[in-house]
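Visitor: I would like to learn how to read a protein model feature by feature. Could you take me through one, giving the general idea before each case?

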Amino acid sequence: MTETMDAFHNGSSPVHVPRHVAIIMDGNGRWARERGLPRAVGHRQGTENLREILRAAVETGIEVLTLFAFSTENWKRPRAEIRVLMNTLELVIDRELRELDEQGVQIRHIGELEGIPPKLQRKIREAVALTRHNRTLILNVALNYGGRDEIVRAVRRIVAEGIAPEAIDEQLIERYLYTGSLPDPDLIIRTSGERRLSNFLVWQGSYAEYHFTSVYWPDFGREHLRDALAEYSRRTRRFGQTDEQLRPRLSTPHV
Ligand code: IPE
Ligand code: IPE
Ligand code: MG
């Protein structure tokens with residue numbers, strides 16, 4: 001956690017900026033339904049705010065932004081909707097890649113590439129290769145991602161490599177997850193009023209702070225991100241310890 005004055009902050013005290021923010025971008029379908037529009041329009045509209053959110057993340061000094069774009073469970077949706085989602089993701093890469101590269105954004109993918117339609121797979125590989133030396137912000141796209149699937153795949157590789165049981169600890173397991181050397185998410189935001197993880201970052205999110213907002217993803221803008229960050233900076237993260245241990249000046253008599 002870094003202490004900086006973020007771009008949104010208009011008070012005088014420093015704000016705790018999370019290193020890693022992850023967003024479950026939910027509510028595209030309901031956004032469309034409430035307007036009498038097809039779900040596809042909601043998915044398309046749910047890409048219009050990406051540029052603004054990315055810029056705000058860069059300005060704030062966030063190091064890693066993970067976006068949940070498509071889960072391993074989303075394959076259960078109607079084929080036509082899956083096609084729309086995949087086409088929309090291709091479109092976003094075509095439309096945004098140049099600017100993201102110019103901003104110094106490093107694009108990464110978490111999830112299983114195999115299983116994604118070949119054309120989109122190719123575009124993801126190209127985007128990752130093109131931006132791999134960029135250092136401003138890591139944009140981690142979770143696509144065909146499932147937290148349980150990730151753990152299953154990690155266990156399989158650990159077993160296949162013949163790693164001794166005594167050598168297995170939390171650090172080793174982390175190295176086998178898609179997120180590898182990335183810090184755990186400090187803040188996980190979910191839009192659309194749902195309050196669940198839906199198989200997102202189940203290992204990595206074990207000590208994250210959660211921010212739920214009723215705003216549908218297509219309406220989520222810079223001001224909503226600012227609210228989430230402001231709320232985050234007011235929270236106390238104890239990681240199992242007591243307040244007194246963390247701030248010894250709070251002299252509550254102990255036990
Ligand atoms: C998020 O919006 C996009 C994906 C899950 C791929 P939804 O499509 O889940 O929208 P709702 O939840 O039906 O409103
Ligand atoms: C989670 O949203 C996945 C993404 C945002 C990509 P869903 O809309 O698929 O989650 P559930 O099915 O409501 O839990
Ligand atoms: Mg949903």
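Guide: What follows goes from the whole chain to single elements and then to single residues. Please keep in mind throughout that this is a predicted model.

Visitor: Where should a reader begin, and what does the secondary structure of the chain come to?

Guide: One begins with the inventory of elements, which here comes to 9 helices and 8 strands. Next come the overall dimensions, and the C-alpha trace of this chain spans about 60 × 55 × 35 Å along its principal axes.

Visitor: How does the radius of gyration of the chain agree with that of a compact globule?

Guide: The idea is to set the computed radius beside the one expected for the chain length: for 255 residues a compact globule would be near 18 Å, and the chain, with 19 Å, agrees with this. Two further values fill in the picture, since buried residues make up 45% of the 255 residues, and residues 24 or more positions apart account for 73% of the contacts with a separation of 6 or more.

Visitor: How should I read a pair of strands, and in which sense do β5 and β6 pair?

Guide: One looks at the direction of the strands and at the bridges between them. Strand β5, residues 105-110, and strand β6, residues 137-145, pair in the parallel sense over 6 bridges, and one example is R108, whose bridge partner in β6 is N140. Of the 6 residues of β5, 5 are buried, so that the strand is mostly covered.

Visitor: Which hand does the unit of β5, α5 and β6 have?

Guide: The hand comes from following the path from strand to helix to strand, and here β5, helix α5 (residues 118-131) and β6 make a left-handed β-α-β unit.

Visitor: What tells me how a helix such as α6 is placed, and which of its residues are buried?

Guide: One may check the length of the helix and then ask where its buried residues point. Helix α6, residues 147-160, has 14 residues and reaches 20 Å from its first C-alpha to its last, close to the 20 Å expected at 1.5 Å a residue. Its buried residues include G147, E150, A154 and I158, and, seen down the axis, the buried residues of α6 fall within an arc of 70°, so they line one face of the helix. On the other side of α6, R148, R156, V159 and A160 are exposed, while what covers the buried residues includes β6 and α7. Just after α6, G162 takes a positive phi of about 65°.

Visitor: Which residues are buried in α3?

Guide: In α3 they are L50, I53, L54, A56, A57 and T60, and they cover an arc of only 165° around the axis, which puts them on the same side of α3. This helix is followed by G61, whose phi is positive, near 95°.

Visitor: And for single residues in loops, is T47 buried or exposed?

Guide: One asks for the place, the accessible area and the contacts. T47, in the loop between α2 and α3, has a relative accessible area of 4%, and because buried means under 20%, it counts as buried. Leaving aside neighbours within four places in sequence, T47 is in contact with T88, V92 and R95.

Visitor: What is the relative accessible area of R77?

Guide: R77, which has its place in the loop between β4 and α4, has a relative accessible area of 30% and is partly exposed. With its neighbours within four places in sequence left aside, R77 is in contact with R39, H43 and I82.

Key
Residues numbered from 1 in each chain as written. Chains lettered and ligands numbered in written order. Predicted model: local features only at pLDDT ≥ 70, side-chain atom pairs only at ≥ 80, totals over all residues. Heavy atoms only, no water. Buried < 20%, exposed > 50% of the residue type's maximum accessible area, 1.4 Å probe, protein only. Helix = DSSP H or I, 4+ residues; strand = E, 2+ residues; numbered from the N terminus. Pairing = 2+ DSSP bridges. Right-handed = clockwise from strand over helix to strand, strands pointing away. Expected span 1.5 Å × (residues − 1). Arc of directions from axis to C-beta. Contact = heavy atoms within 4.5 Å. Rg over C-alpha atoms; globule rule 2.2 N^0.38 Å.
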